[in-house]
Amino acid sequence: DESSQKAVDDSVKVGCGAPVICAAFAQVNQGRGSPLVAAGCMDGSVSIIHCGLDLEDGANRIIYSFKHEKYVKTICFSPSEQLIASASADGTIMLHQVGNVPNMFDGSDDDEFSLTAVQSLHFDAPVEAMCFVDNGNSLCCYVRGTSYLTYFDLKDEYKQSKYSLNGKAAIGDRFDDHVSFSVLSLQSSPSGKYVALATDVARNIIMEVKSDRIVRNLYGHNNDGFSNPKIAWSSSGQYIYGNSQNENCVCVWDVASASMVKRLEAHAFVRDIYSSSVTDTVATVSFDKTAKVWLNEM
């Protein structure tokens, strides 16, 4: 409609030099939001973009960029610190510390932006999904071809721990080294106690953080190895949102009962789902070149 078109016309467009695969907004920090968005691209580059409203039209909003060797799979900001993690098909996770973001915290005149590499983690296969957990003190990731989630303790020299995706199927210190799915999306719950996994076999999973305990299995949607499964929590943690291959909808599950309670008629082939951590607002984007904003009436 007219208002939607006006929103598109009034938006600021920033060229990244290559197709954008994923994006992430900086989390709320010290009571204020950071005017930053990170964009991961097909050429392996990650651009840090100033999205504040104080810049004039035509201003250079890309204030820093770095690059992986292959395309970027996912990006996330820490919920508690100015830390950004990016994961790539080259099997690496890069962590960077963000500093001196213009007009972000104290209103000072010091607007010299800095981005400092703090760690690089290397794996033997693409990193498909990743999220911060434990209030930003740990990083959880899934590497293609593995049968476990890997956690890194950021406060203990990146100490690594692994937890089986087969639940209690681990025998002693050994894992059942086969699972019939890949994890393509990871999201920490609002409480920080759980992590939600979207897989490519029409099964979404909720697990305890840093545990092999499977709390819920969520079914009723469609996904396979050619799909693009995504998952998100409602701000209350009561519901899970997910997409479904070949269905123009967003599926809503009640976590307590593990049942699907609604299908929101969306748009063709939902590409990603973003849920606000502080309001009942959900945003979806699609391969049909549209974005929709939903107000949760659950």
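Here are four short exercises with worked solutions on the strands of this predicted model.

**Exercise 1. Which strands form the open sheet that contains S1, and which of them stand at its edges?**

Step 1: Let's start with the order. The open sheet has four strands, arranged S1-S4-S5-S6, with antiparallel pairing.

Step 2: Next, look at the ends of that order. Strand S1 (20-25) and strand S6 (62-67) each have a single partner strand, so one side of each is left without a neighbour in the sheet. These two are the edge strands.

Step 3: From one strand to the next, the twist averages 20 degrees.

Step 4: Now zoom in on one pair. Strand S4 (residues 36-41) and strand S5 (residues 45-50) run antiparallel and share five bridges. Within this pair, valine 37 has isoleucine 49 of S5 as its bridge partner.

**Exercise 2. Describe how strand S16 pairs with S15 and with S17.**

Step 1: Take S15 (residues 183-188) to begin with. S15 pairs with S16 in the antiparallel sense over five bridges, and serine 188 stands opposite valine 195 in S16.

Step 2: Follow the chain between them. S15 and S16 make a hairpin with five residues between the strands, and glycine 192 in the turn has a positive phi of about 80 degrees.

Step 3: Turn to S17 (residues 204-208). S16 and S17 are also joined by five bridges, in the antiparallel sense, and alanine 198 sits opposite asparagine 204 in S17.

Step 4: The hairpin of S16 and S17 has four residues between the strands, and alanine 202 there takes a positive phi near 55 degrees.

Step 5: Finally, check how covered S16 (residues 194-199) is. Five of its six residues are buried, so the strand is mostly covered.

**Exercise 3. Is serine 88 buried or exposed, and which residues does it contact?**

Step 1: Place the residue: serine 88 belongs to strand S8 (residues 83-88).

Step 2: Its relative accessible area is 0%. The cut-off for buried is under 20%, so serine 88 counts as buried.

Step 3: List the contacts beyond four places in sequence. Serine 88 meets His68, Lys70, Tyr71, Val72, Lys73, Pro126 and Val127.

**Exercise 4. Is valine 293 buried or exposed, and what does it touch?**

Step 1: Valine 293 is part of strand S25 (residues 291-295).

Step 2: With a relative accessible area of 64%, valine 293 passes the cut-off of over 50% and is therefore exposed.

Step 3: Setting aside residues up to four places away in sequence, valine 293 touches Thr281, Val282 and Ala283.

Step 4: Look again at alanine 283. Its C-alpha atom is 4.4 Å from that of valine 293, although the two are ten residues apart along the chain.

Methods
Residues numbered from 1 in each chain as written. Predicted model: local features only at pLDDT ≥ 70, side-chain atom pairs only at ≥ 80, totals over all residues. Heavy atoms only, no water. Buried < 20%, exposed > 50% of the residue type's maximum accessible area, 1.4 Å probe, protein only. Contact = heavy atoms within 4.5 Å. Pairing = 2+ DSSP bridges. Axes fitted to C-alpha atoms, helices over the stretch in contact; angles between N-to-C directions.
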